[in-house]
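This report introduces a protein model to a reader who has not met it before. Please consult the sequence and the structure shown here alongside the text.

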Amino acid sequence: MTTHLHITSWVLAFILFGLALMFKKQGKDKPAKILQMILRLDYLLILYSGGDLIAYYFQQSYMLGEVIVKGLAGIWVIAAMEMIAVKYSKGKPVLGVWVQFAIAVLIVLVLGFGRLPFGLHFMS
């Protein structure tokens with residue numbers, strides 16, 4: 001199972017995302033670009049481990065609809081993170097993308113931790 005790898009990689013992604021935005025806000029473009037490239041490599045790790053978990057769920061026939069929704073919401077989180085970083089660096093408004101990001105993260109966390117079998121089941 002790659003549950004620990006998946007959780008570790010998305011926690012790392014959130015940290016790298018925050019640091020990249022912080023450096024962009026401070027006007028330090030080179031460190032921000034380096035962090036953004038590392039973050040994009042981390043996206044690949046997230047997609048790999050998430051795909052492995054989805055494949056396991058499909059083999060076990062666990063809540064397939066919710067698994068598909070969580071996978072799509074996870075891709076939505078990655079897309080929102082990229083859109084925020086790009087729009088922020090271009091000086092465009094990012095409020096709408098932040099709202100999308102918050103909604104997608106909420107969906108992913110509720111489905112991942114609360115509903116699916118490998119979650120922590122805070123809501124049980």
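## Report on the predicted model

Leu 72 lies in helix H3, where helices (H or I, at least four residues) and strands (E, at least two) are DSSP runs numbered from the N terminus. The model is predicted: local features need pLDDT of at least 70, side-chain atom pairs count only at pLDDT 80 or more, and totals for chains, interfaces and linings use all residues. Residues are numbered from 1 along each chain as its sequence is written, and side-chain values use heavy atoms, with hydrogens and water left out.

The protein contains 4 helices and 0 strands, in the sequence pattern α-α-α-α. Its C-alpha trace spans about 50 × 25 × 20 Å along the principal axes. Of the 124 residues, 36% are buried, that is, under 20% relative accessible area, with exposed meaning over 50% and partly exposed lying in between (1.4 Å probe, protein chains only). Among contacts (heavy atoms within 4.5 Å) with a separation of 6 or more, 67% join residues 24 or more positions apart.

Two residues of helix H3 illustrate opposite surroundings. Leu 72 counts as exposed because its relative accessibility is 55%, whereas Ala 85, also in helix H3, counts as buried because its value is 1%. Apart from neighbours within four places in sequence, Ala 85 is in contact with Leu 21, Lys 24 and Gln 36. The C-alpha atoms of Ala 85 and His 6 are separated by 22 Å, with these positions 79 residues apart along the chain counted as their separation.

The accessible surface comes to about 7500 Å², and carbon and sulfur atoms hold 72% of that area; accessible areas come from the Shrake-Rupley method with a 1.4 Å probe, and for residues only the protein chains shown count as cover. On this surface, Leu 41, Leu 44, Leu 47, Phe 58, Leu 64, Ile 68, Leu 72 and Ile 75 form a nonpolar patch with about 770 Å² of accessible area together. Helix H2 (29-60) and helix H3 (64-90) are the elements that give two or more residues to the patch.

The UniProt record, an unreviewed entry, lists residues 6-23, 43-59, 71-88 and 95-114 as "transmembrane region"; such annotations may be inferred rather than shown by experiment. Two of these spans are set out below.

| Span | Helix content | Strand content | Distance between end C-alpha atoms |
|---|---|---|---|
| Residues 71-88 | 100% helix | 0% strand | 26 Å |
| Residues 95-114 | 100% helix | 0% strand | 28 Å |

Conventions:
Patch = residues over 30% accessible without salt bridge, like charges linked within 9 Å, V, L, I, M, F, W, Y side chains within 5 Å. Salt bridge = Lys/Arg side-chain N within 4 Å of Asp/Glu carboxyl O.
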